[in-house]
Amino acid sequence: MAQKVFITRSGKASFSCPECGKTKQLNVSRYNTVDKEVKLKYTCTCKHIFSVILERRKYIRKKVDLPGVLILGNKKYPVNVIDITRAGLKIRTKGLLELHLQDKVVLEFILDDPGGSKVSKEAIIKKINQMNIGVEFFSQDHYDKFGAYILFHFK
């Protein structure tokens with residue numbers, strides 16, 4: 001199974017050998033403009049060969065299953081938050097909705113933290129694919145329970 005390796009802003013990635021634990025940082029900036037998944041094989045100095053997938057996202061994405069509501073104007077639609085990042089969410093609707101790119105919405109959802117914290121975020125719709133919708137938060141500053149959640153609940 002390939003391990004995910006995150007690319008830094010300077011275009012470098014740290015390859016960590018699962019066999020001996022040695023880490024090597026390499027310049028992988030030439031892959032920044034590739035449109036599809038980049039999977040590489042790396043040979044460690046211990047001769048162990050392993051696969052890595054370059055992750056070019058700005059923020060780590062976490063898969064979740066959180067109940068919520070999407071609010072557009074005075075209409076409320078039940079949704080499930082299926083993954084989160086600091087920048088936004090991916091949600092799944094219960095059916096096809098009449099939504100458009102750039103619609104401004106409010107998302108309310110319950111975190112799976114010990115307190116079952118309720119979160120309310122303003123966002124803009126950036127991607128629609130059937131019942132999966134990608135939204136971007138108006139602000140990436142999270143001074144609420146969501147901020148603590150994305151800091152301490154990501155693995």
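Let's start with Phe109: setting aside neighbours within four places in sequence, Phe109 is in contact with Leu66, Pro67, Gly68, Val81, Leu89, Ser117, Lys118, Val119, Lys121 and Phe146. Phe109 also belongs to the largest nonpolar core, a set of 23 residues, where Leu89, Leu107 and Phe109 touch the most other members. Please keep in mind that this is a predicted model. With that residue as a starting point, here is a tour of the cores, the sheets and a few residues worth finding on screen.

**The nonpolar cores**

- Which elements give two or more residues to the largest core? They are strand 6, strand 7, strand 8, strand 9 (104-110), strand 10 (118-129), strand 11 (132-137) and helix 1 (145-152).
- Strand 7 gives the most to this core, with four residues.
- Another core lies apart from this one; it has 14 residues, and among them are Ala13, Val28, Phe50 and Val52.

**The protein as a whole**

- The secondary structure comes to one helix and 11 strands.
- Read from the N terminus, the order of elements is β-β-β-β-β-β-β-β-β-β-β-α.
- The C-alpha trace spans about 60 × 35 × 25 Å along its principal axes.
- The protein has 155 residues, and buried residues make up 39% of them.
- Among contacts between residues at least 6 apart in sequence, 47% join residues at least 24 apart.
- The accessible surface comes to about 10300 Å², and carbon and sulfur atoms account for 50% of that surface.

**The barrel**

- Six strands form a closed barrel in the order 6-7-8-11-10-9, and their pairing is antiparallel.
- On average, neighbouring strands of this sheet are turned by 45° against each other, direction ignored.
- Within the barrel, nine bridges pair strand 6 (residues 62-72) with strand 7 (residues 75-84) in the antiparallel sense.
- To find one of these bridges, look at Leu72, whose bridge partner in strand 7 is Lys75.

**Two residues to find in the barrel strands**

- Asp83 lies in strand 7. Is Asp83 buried or exposed? Asp83 counts as buried, because its relative accessibility is 4%.
- Beyond its neighbours within four places in sequence, Asp83 is in contact with Arg61, Lys62, Lys63, Val64, Gly88, Leu89 and Lys90.
- Thr93 lies in strand 8 (residues 88-93). With a relative accessibility of 5%, Thr93 counts as buried too.
- A polar atom of the Thr93 side chain lies 2.6 Å from the backbone oxygen of Gly95.
- Not counting residues up to four places away in sequence, Thr93 touches Pro78, Val79, Met131 and Ile133.

**The open sheet**

- Three strands make an open sheet with the order 1-5-4 and mixed pairing.
- Why is one side of strand 1 (3-6) and of strand 4 left without a neighbour in the sheet? Both strands stand at the edges, and each has a single partner strand, so one side of each has no neighbour there.
- Neighbouring strands of this sheet are turned by 40° against each other on average, direction ignored.
- Strand 4 and strand 5 (residues 49-55) run antiparallel and are joined by six bridges.
- These two strands form a hairpin with five residues between them, and Lys47 in the turn has a positive phi of about 80°.

**The two faces of strand 4**

- In a regular strand the side chains alternate between the two faces of the sheet.
- Strand 4 (residues 38-43) has a covered face, made of Val38, Leu40 and Tyr42, and an uncovered face, made of Lys39, Lys41 and Thr43.
- From the covered face, Leu40 has Val52 as its bridge partner in strand 5.
- From the uncovered face, Lys41 stands opposite Ser51 in strand 5.

**Ala13 in the other core**

- Ala13 has its place in strand 2 (residues 12-16).
- Ala13 is buried, because its relative accessible area is 0%.
- Setting aside neighbours within four places in sequence, Ala13 is in contact with Val5, Phe6, Lys24, Gln25, Leu26, Val28 and Leu54.
- Ala13 and Leu54 are 41 residues apart in sequence, while their C-alpha atoms are 8.0 Å apart in space.

Definitions and conventions
Residues numbered from 1 in each chain as written. Predicted model: local features only at pLDDT ≥ 70, side-chain atom pairs only at ≥ 80, totals over all residues. Heavy atoms only, no water. Buried < 20%, exposed > 50% of the residue type's maximum accessible area, 1.4 Å probe, protein only. Polar contact = N/O pair within 3.5 Å; in protein donor to acceptor, adjacent residues only side chain to side chain. Contact = heavy atoms within 4.5 Å. Pairing = 2+ DSSP bridges. Axes fitted to C-alpha atoms, helices over the stretch in contact; angles between N-to-C directions. Areas by Shrake-Rupley, 256 points an atom, 1.4 Å probe, with all protein chains shown as cover. Core = buried A, V, L, I, M, F, W, Y, C linked by side-chain atoms within 4.5 Å.
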